[in-house]
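Colleague: I should like to learn how to read the features of a structure that is new to me. Would you kindly guide me through one?

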Amino acid sequence: MTKRLAIIASNGGLFDAYKVFNIATAAAATDIEVGIFFTFEGLNLIHKQAYGNLEMPKGKEHFAEGFKNANVPSIPELVDMVVEMDVKIIACQMTMDVMSLKKEDFIDGIDVGGAVAFLDFANDANITLTF
């Protein structure tokens, strides 16, 4: 039986992106089926104009050198990896409607759906995480 990981990404900062995409790629690399539901500020993590420009939190600038020295992939690289690894990406329809966003505003390869779409995926999840 295939294991399944369901992630809710509701925050849109740089550290949130690393948490979401690091866990997702690690799980997908170990043959775990992964689905991520991006809602509210979490939509920044897959928004074409935002995901490559996430800023380091104030007072945490020293992490930039640490990421570089540890050869941690950039967020755009991690997003590419997630797409290539067939991670199920669901953008929250309700949040998109509230923010007047369209599917074309986001990276390619996403699904748009409501909470029911995510719950359908998460219903069989072995692990559920929220960031």
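Colleague: Which residue of strand 3 stands opposite F38?

Modeller: In this predicted model, F38 faces A91 of strand 3. The two strands concerned, strand 2 (residues 33-38) and strand 3, run parallel and are joined by 4 bridges.

Colleague: What is the order of the strands in the sheet?

Modeller: The sheet is open, has 5 strands with parallel pairing, and follows the order 4-3-2-1-5. Its edges are strand 4 (111-113) and strand 5 (127-130), each of which pairs on one side only. From one strand to the next, the twist averages 20°.

Colleague: Which strands does helix 5 lie across?

Modeller: Helix 5 (residues 115-122) lies across strand 1 (4-9), strand 2, strand 3 and strand 4, and runs at about 150° to strand 1. One residue of this stretch, F121, has R4 over the face of its ring, at 4.2 Å from the ring centre.

Colleague: How should one read a pair of aromatic rings?

Modeller: Such a pair is described by the distance of the ring centres and the angle of the planes. The structure holds 6 aromatic pairs. For F63 and F67, the centres are 6.4 Å apart and the planes stand at 40°, so this pair is tilted; the tilted class lies between stacked, under 30 degrees, and edge-to-face, over 60.

Colleague: Where do F63 and F67 sit in helix 2?

Modeller: An α-helix has 3.6 residues a turn, so residues three or four places apart point the same way. F63 and F67 are 4 residues apart in helix 2 (residues 62-69), which means that about one helical turn separates them. Together with F15 and Y18, they form one aromatic cluster.

Colleague: Is F67 buried or exposed?

Modeller: F67 counts as buried, because its relative accessibility is 19% and the cut-off is under 20%. F63, in turn, is partly exposed, with a relative accessible area of 34%.

Colleague: Which residues of helix 3 are buried?

Modeller: In helix 3 (residues 75-84), they are I75, L78, V79 and V82. Viewed down the helix axis, these buried residues fall within an arc of 100°, so they line one face of helix 3. Their cover includes helix 1 (14-29) and strand 3 (88-92).

Colleague: What follows helix 3?

Modeller: After helix 3 comes D86, whose phi is positive, near 60°.

Definitions and conventions
Residues are numbered from 1 along each chain as its sequence is written. This is a predicted model: local features need pLDDT of at least 70, side-chain atom pairs count only at pLDDT 80 or more; totals for chains, interfaces and linings use all residues. Side-chain values use heavy atoms; hydrogens and water are left out. Rings of Phe, Tyr and Trp (its six-membered ring) pair if their centres lie within 6.5 Å; planes under 30 degrees apart count as stacked, over 60 as edge-to-face and the rest as tilted. Buried means under 20% relative accessible area, exposed over 50%, partly exposed in between (1.4 Å probe, protein chains only). A charge sits over a ring if NZ of Lys or CZ of Arg is within 6 Å of the ring centre and within 35 degrees of the ring normal. The arc is that of the directions from the helix axis to the C-beta atoms. Contact means heavy atoms within 4.5 Å. Two strands pair if DSSP finds at least two bridges between them. Axes are lines fitted to C-alpha atoms, for helices over the stretch in contact, and angles run from 0 to 180 degrees between N-to-C directions.
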